[in-house]
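Subject: A structure for you to explore

Hi there,

Here is the structure I promised to pass on to you. Have it open in your viewer while you read, and I'll walk you through what turned up.

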Amino acid sequence: SRQLKEEIRRGFARLEDPLAGLLAMLESSSDWKGKGHSLGYCITTELQLWIKEHPAVPQSGTKLKKLQARVLGMLSQCPANLLDPLISIYQLHTADRNYLLEHVSHLYLQGDYKEAAILSIKLKLQPDQDVEKMCTPLLLQDKTNLMEDYVGGYPELQRKLLQTLDTWCDPSFNIRDITRPYQGLSRYKPEKFNRRVLSKLVFRLLERFNVDPALCPNVINQRHLRTLNYLFYKRFVEKTMTEENWADHIQSTVGENRWLQGHLAQSLLRHCGARGAARWARRCRLPPDILPRAVAEELQQLHLQDRVEEATKADNYEDSKKKDYYQLPIPRENIHFLQSWEETLQCWEKVLQPGQVVGVDMEWKPSFGMVGKPRVALLQLALKDEVFLLDLPRLLEQAEAEGEQEKLPRFIQMLYSDAAITKLGYGMSGDLSSLAATCSALKDTEKQMQGVVDLLAVDKQVDGLSLEHSHEERGLRQPEKGLSLLVQHVLGKPLDKTEQLSNWEKRPLREEQILYAASDAYCLLEIYERLCKDPESFGLGSDLTESLVGKQSKKPRAKKQLNKQEAPSPSGQECQGPRREPSRPPAPISPREFSVVCDNMLQGLGRYLRCLGVDVRLLDNEDDHRKAAEIARQEGRVILTSGLPYQTLRSQVGEGRCFSVNCSEKAKEQALQVLKHFNVQVSLGDIFSRCQ
């Protein structure tokens, strides 16, 4: 290498015109067109260094323009590592801008969209180009990273791109009008051009570029509509939200948006009938002119009796809750809602005691997929005889006003880093991630943790944790999941999760919210105490403390990273009936013997498994989840799915033929989980053995 560089430099010194000499060499050779460090690359980069040492060498005027014209013709064939050296050597940034734009336009018209975009980025031509025209073919070729680079550093272009994408997401817009001119495109991926995929892209870009979501009303409205449908599902199908809680979210989701109000009125009529819809329309203050005729007529005839009936129903519901669900064993006066630093100091003195055991939980307003990370609205600390609920937004605001922003972070860091205090949590990493988003001074808390017991780890060890078992015991109610399932198994009754999706930022908190928040933290103390007393009866090792203290869950987002929605059943577990004895792993099989059908939210996992030689079928984005069961039955495949569809699909195929995957993990981790569960042994020969 050293000898080669010396020879190159001697060659340049002998040339009358080194810049023309380099072009002559590149034009008469093709080795530089490949990837990697070719001889052409070595000569070019060495000339770039040599020119810096010989400032008199660079050309100017007409001669340089001719060289620039020649080098521009080569750039579209250049590997990425040669672009910057050639642009620098031939001073292309000084070339006539119109001439450069014309050259890029020529590349575009030839169908070299990627090359046109890369050259535009290198020469900083984007402000003079049509962002929609340049980015559309990149999207169709699934080159979103290049598209993001194209608008990177240009806020105005970022806004224009987002507005364009939002226009395409309008339900009345015909996306085929955009894709039609590009149907002969190489690597054309029209499936990447549906509203669902575009909507996800818009939300990611809004967050990445820190743009006001109001710029994209179509995408925001569609997301709110999905939230509305989800809330109706939780209230009227699952029946897992209280009326007050549901009403809070409905009103904050719909607001004054007439389009959403119209959808709300139609959904109310469908789920509640005309009379029930009229009652809700009055409560939500829906404009009379958007109501269906039957609802508008019923609204005029409402009587006070409605409210009396509802109050009676609510009383009966409260009685049934006490019978069916876990109840706090401490009196109500021992639950303290703290909003001032004077009150919080008394909490500190009790919590930060050596030997103390503290149940820790956090609550935040569910974002339902909107932009940004959730911010913690309530921090719960449970001791043996009392529970403290810290109003984090109020305390942070008060500390900032007093110029003492470090007060709260210091307390939390002292708590988590003190090995003499046992902290109990469930999915603690997910909570700490949200805590870091709320207060940046706490971003390293997880690295400093000592004396932590994450009870999510127990989900993988306790015998008998089963959705079916829970479902049988509770009749028609939804099967328990996550912490509620653990509470049911260890303490006998599940948690009442009807307040889980509450608006935790709204003040004052309702009494039901206060009791729910206190129960969520306090139950951790009771579970831990019961497991420590008799670990063997739950299939755990005799030294429970040694096996759990300091072990955090390796699935940090399993509890609440779905923005306070119910935690999925421990992902990657089959959730079969109660285990009587440790189950044996299945016999090892090769990827070629393993065939699966992936639900449409797991396409990345499907592609990864196919790379490893597994026989994979993928559902399209528009396919109903139930199609997976049809394919599985007809072709003898295992279903890979996640979340709510798992509950539906598993009942439609044989035992062990449906597997729930953790959606919060990346495709590689999901694939490892699947391979381990089904004991699939991958060899070197399996990799890329199937057509991709």
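Let's begin with Asp686, which counts as buried because its relative accessibility is 5%, under the 20% cut-off for that word. Please keep in mind that this is a predicted model. You will find Asp686 in the segment after helix H29. Which residue, 94 positions away along the chain, has its C-alpha atom 7.8 Å from that of Asp686? The answer is Arg592.

Another pair to look at in this way is Ser590 and Asn679. These two are 89 residues apart along the chain, while their C-alpha atoms are separated by 8.6 Å. Ser590 sits in the loop between helix H25 (544-548) and strand E7. Its relative accessibility is 22%, so Ser590 counts as partly exposed.

Now go back to the segment after helix H29 (667-677), where Ile687 is also found. Is Ile687 buried or partly exposed? With 37% relative accessibility, Ile687 is partly exposed. Together with Val682, Leu684 and Phe688, Ile687 makes a nonpolar surface patch of about 420 Å². Try colouring those four residues to see the patch.

Next, the strands. Strand E7 (residues 595-598) runs parallel to strand E8 (residues 615-618), and four bridges join the two. One bridge to look for is the one between Val596 and its partner in E8, Val616. What do E7, helix H26 (residues 603-611) and E8 make together? They form a β-α-β unit, and it is right-handed. Cys611, the residue at the end of that helix's range, is partly exposed, with a relative accessible area of 23%.

A second group of strands is worth a visit, and strand E3 (residues 376-382) is the one to start from. How many of the seven residues of E3 are buried? Seven of the seven are, so the strand is mostly covered. E3 has pairing partners that you can trace one by one:

- Strand E2 (residues 357-364) is joined to E3 by six bridges, and the two run antiparallel. Trp364 has Val376 of E3 as its bridge partner.
- Strand E4 (residues 387-390) also pairs with E3 in the antiparallel sense, over four bridges. Here Leu379 stands opposite Leu390 of E4. E3 and E4 form a hairpin, with four residues between them.

Cysteines are a nice thing to check as well. A disulfide is a covalent bond between the sulfur atoms of two cysteines. How many disulfides does a search of the whole structure find? It finds zero. Take Cys284 as an example: the nearest cysteine sulfur belongs to Cys272 and is 10.0 Å away, whereas a disulfide needs the two sulfur atoms within 2.5 Å. Cys284 is in no disulfide, and at 14% relative accessibility Cys284 counts as buried.

Finally, the charged pairs. The count of salt bridges comes to 39, and I picked a few for you to find.

Asp177 forms a salt bridge with Arg180, with the closest N and O atoms 3.3 Å apart. Asp177 is partly exposed at 43% relative accessibility, and Arg180 is partly exposed too, with a relative accessible area of 47%.

Glu635 is a good residue to centre your view on. It forms a salt bridge with Arg617, the closest N and O atoms being 2.5 Å apart. This pair links distant parts of the chain, with Glu635 in helix H27 (residues 626-635) and Arg617 in strand E8, 18 residues apart. Glu635 is partly exposed, at 34%, and Arg617 is partly exposed as well, at 31%. Glu635 also forms a salt bridge with Arg637, where the closest N and O atoms are 2.6 Å apart. Is Arg637 buried or exposed? Arg637 counts as buried, since its relative accessibility is 8%.

Salt bridges can also share partners and build a network. One such network joins Asp248, Glu499, Lys506, Arg510 and Glu512.

Enjoy exploring!

Best wishes

Key. Residues numbered from 1 in each chain as written. Predicted model: local features only at pLDDT ≥ 70, side-chain atom pairs only at ≥ 80, totals over all residues. Heavy atoms only, no water. Pairing = 2+ DSSP bridges. Right-handed = clockwise from strand over helix to strand, strands pointing away. Patch = residues over 30% accessible without salt bridge, like charges linked within 9 Å, V, L, I, M, F, W, Y side chains within 5 Å. Areas by Shrake-Rupley, 256 points an atom, 1.4 Å probe, with all protein chains shown as cover. Salt bridge = Lys/Arg side-chain N within 4 Å of Asp/Glu carboxyl O. Buried < 20%, exposed > 50% of the residue type's maximum accessible area, 1.4 Å probe, protein only.
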